[in-house]
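Okay everyone, thanks for coming. I'll walk you through one structure today, piece by piece, so please have it up in front of you.

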Amino acid sequence: MEERRKVKILVTGAGGFVGKNLLCRLKNSGYANVVAFDLDTPKEVLDSAVRDCGFVFHLAGVNRPKDAAEFMEGNYGFTTELLGKLAGAGNKAPVLITSSIQAALDNPYGKSKKAAEDYIFEYGKKTGAKVLVYRLPNVFGKWCRPNYNSAIATFCHNIARGEPIRINDPNTDMHVVYIDDLLDALMEALAGRETVEDGFCVVPVTHRAKLGYIADTIRSFKASRDNLEVPYTKPGSLETKLYSTYLSYLPEAEFSYPLKMHIDARGSFTEFLRTPERGQVSVNITKSGVTKGNHWHDSKNEKFLVVSGKASIKFKKFGSDDVFEYIVSSDKLEVVDIPTGYAHNITNIGSGDLVTVMWANEAFSPEKPDTYAENV
């Protein structure tokens with residue numbers, strides 16, 4: 001394992017979206033001998049690296065030129081130049097190239113990618129070097145340039161800033177891959193464990209969705225600051241990856257957002273998060289000597305966690321006069337369950353403010369509060 005991490009790795013297109021992310025992944029994975037090459041890198045760096053590199057990530061390419069002729073020059077031309085330098089140095093290091101699913105299409109970009117694919121496959125046959133060609137769908141994630149060639153990057157950037165987005169056909173089918181899933185696949189390829197289908201390397205985890213659904217999902221992330229609904233974040237889901245991407249596009253002056261505090265002489269109550277399936281989380285601040293609660297619920301259940309101060313939490317089962325008490329404080333964090341059918345209250349028995357995190361299994365609804373007054 002350690003010997004493998006000593007190999008010299010050449011990364012072309014290192015300043016691009018995928019390149020920047022890959023350089024970070026390589027560094028975090030312990031690969032220290034990495035040569036980053038981009039448009040502004042002196043060619044001497046490339047000439048030196050091709051002599052003794054042990055693996056090549058060829059990510060460089062052109063996708064939005066001023067002149068369509070630049071597609072062939074940037075995608076096919078530089079690929080032939082790079083492979084020619086490797087061949088000239090007698091270096092048979094594995095070469096991984098990121099192509100595009102558009103290589104199957106009859107357009108200038110697709111043709112240039114297909115030409116580069118054909119050339120590298122032929123290079124592999126002639127030299128015996130291992131070649132790995134990834135035909136990628138649309139890649140999204142942090143650091144992707146908005147208003148360029150990624151709809152998701154543009155949606156995230158514009159929606160986060162309250163700017164309009166344009167959708168010609170919401171029913172357009174999108175095939176996308178998240179940057180971290182792509183990096184996982186590239187790192188597997190570096191270790192010799194690439195996934196191959198019909199001669200091409202593939203990323204095992206990709207997603208398909210309608211363009212309109214993607215836009216609506218990203219809009220919901222912005223709305224969640226007002227309605228406090230937690231986005232759907234099932235591990236591995238498209239929605240989770242879109243949310244992580246969206247957050248990376250927030251303006252730096254807008255990482256924080258205010259909550260509506262319900263303040264009175266007793267303290268305050270502030271809802272923090274809510275979900276349709278998992279209830280809500282709130283923060284309750286209680287002044288010294290003040291008692292809150294004195295009610296019970298039919299079905300709603302709660303959990304109390306005192307995070308600052310000292311509290312007395314009392315219970316009385318409905319129909320009974322027996323009262324029992326829990327004394328809790330931030331000196332020893334512990335959760336107190338609030339079962340249904342028990343009247344309950346919480347009293348600040350400390351000298352400062354009492355801060356309690358409260359979870360309820362259902363978000364509060366004025367139409368069905370399920371809360372009945374009863375002194376403990």
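**Strands, cores and salt bridges**

Let's start with one pair of residues: Ser-268 sits opposite Ile-285, which is in strand S13. Before I go on, keep in mind that this is a predicted model.

So what are the strands around that pair? Strand S12 covers residues 267–275, and S13 covers residues 279–286. The two run antiparallel, with eight bridges joining them. Between S12 and S13 there are three residues, and the two strands form a hairpin.

Now look at the other partner of S12. S11 pairs with S12, again in the antiparallel sense, over four bridges. One pair to find on your screen is Met-261 with its bridge partner in S12, Thr-270. Here too we have a hairpin, and two residues link S11 to S12.

While we're in this region, have a look at the surface. Which residues form a nonpolar patch there? They are Tyr-257, Leu-259 and Phe-272, and together they have about 240 Å² of accessible area. Tyr-257 is in the loop that runs between helix H8 (238–248) and strand S11 (261–264). Tyr-257 counts as partly exposed, because its relative accessibility is 33%.

Okay, on to another sheet. This one is open and has five strands, in the order S17-S16-S19-S14-S21, with antiparallel pairing. Which strands are at the edges? Those are strand S17 (323–329) and strand S21 (372–373), and each of them pairs on one side only. Strand S14, residues 291–296, is joined to S21 by two bridges, and the two run antiparallel. If you want a pair to look for, Trp-296 is opposite Tyr-372 in S21.

Let's go inside now. A bit of background first: in soluble globular proteins, nonpolar side chains tend to be buried together. In this model, the largest nonpolar core has 49 residues. Which of them touch the most other members? The answer is Leu-22, Leu-26, Phe-57, Tyr-134, Leu-182, Leu-186 and Ile-218. Helix H6, residues 179–190, gives this core its largest share, eight residues. There's also a second, separate core of 21 residues, and among its members are Val-35, Ala-49, Ala-60 and Leu-86.

Let me pick out Leu-182 for a second. If we leave aside its neighbours within four places in sequence, Leu-182 is in contact with Val-18, Leu-136, Val-139, Val-177 and Val-203.

Next up is helix H5, residues 151–160. How many of its ten residues are buried? Nine of them are, and the helix is mostly covered. The buried ones include Phe-155, Cys-156, His-157 and Asn-158. What do the buried residues of H5 pack against? They pack against strand S6 (138–140), strand S7 (173–178), helix H7 (211–227) and H8. And just after H5 you'll find Gly-162, which takes a positive phi of about 70°.

For contrast with all that buried stuff, jump to Gly-88 in helix H3, residues 69–88. Buried or exposed, what would you say for Gly-88? Gly-88 counts as exposed, because its relative accessibility is 71%. In case you'd like a distance to try, Gly-88 and Val-196 are 28 Å apart in space, C-alpha to C-alpha, and 108 residues apart in sequence.

Last topic: charges. Side chains of opposite charge can pair when their charged atoms come close. A search of the whole structure turns up 18 salt bridges, and I'll show you three.

In one of them, the side chains of Lys-130 and Glu-194 meet, at 2.9 Å from N to O. Lys-130 is in the loop between helix H4 (108–127) and strand S5 (131–136), and Glu-194 is in the loop between H6 and strand S8 (196–197), so this pair ties together parts that are 64 residues apart in sequence. Lys-130 is partly exposed at 34% relative accessibility, and Glu-194 is partly exposed at 22%.

Then there's Lys-303 with Asp-337, where the closest N and O atoms are 2.7 Å apart. Lys-303 lies in strand S15 (residues 302–308) and Asp-337 in strand S18 (residues 335–338), so this bridge ties together parts 34 residues apart in sequence.

And finally, Arg-219 forms a salt bridge with Asp-216, with the closest N and O atoms 2.7 Å apart. Both lie in helix H7, three residues apart, about one turn of the helix. Arg-219 is partly exposed, at 38% relative accessibility, and Asp-216 is partly exposed too, at 46%.

That's my tour, thanks for listening!

Technical notes
Residues are numbered from 1 along each chain as its sequence is written. This is a predicted model: local features need pLDDT of at least 70, side-chain atom pairs count only at pLDDT 80 or more; totals for chains, interfaces and linings use all residues. Side-chain values use heavy atoms; hydrogens and water are left out. Patches are made of residues with over 30% relative accessible area and no salt bridge: like charges are joined within 9 Å, nonpolar side chains (Val, Leu, Ile, Met, Phe, Trp, Tyr) within 5 Å. Accessible areas come from the Shrake-Rupley method with a 1.4 Å probe; for residues, only the protein chains shown count as cover. A salt bridge is a side-chain nitrogen of Lys or Arg within 4 Å of a carboxyl oxygen of Asp or Glu. Buried means under 20% relative accessible area, exposed over 50%, partly exposed in between (1.4 Å probe, protein chains only). A nonpolar core is a set of buried Ala, Val, Leu, Ile, Met, Phe, Trp, Tyr and Cys residues joined through side-chain atoms within 4.5 Å. Contact means heavy atoms within 4.5 Å. Two strands pair if DSSP finds at least two bridges between them.
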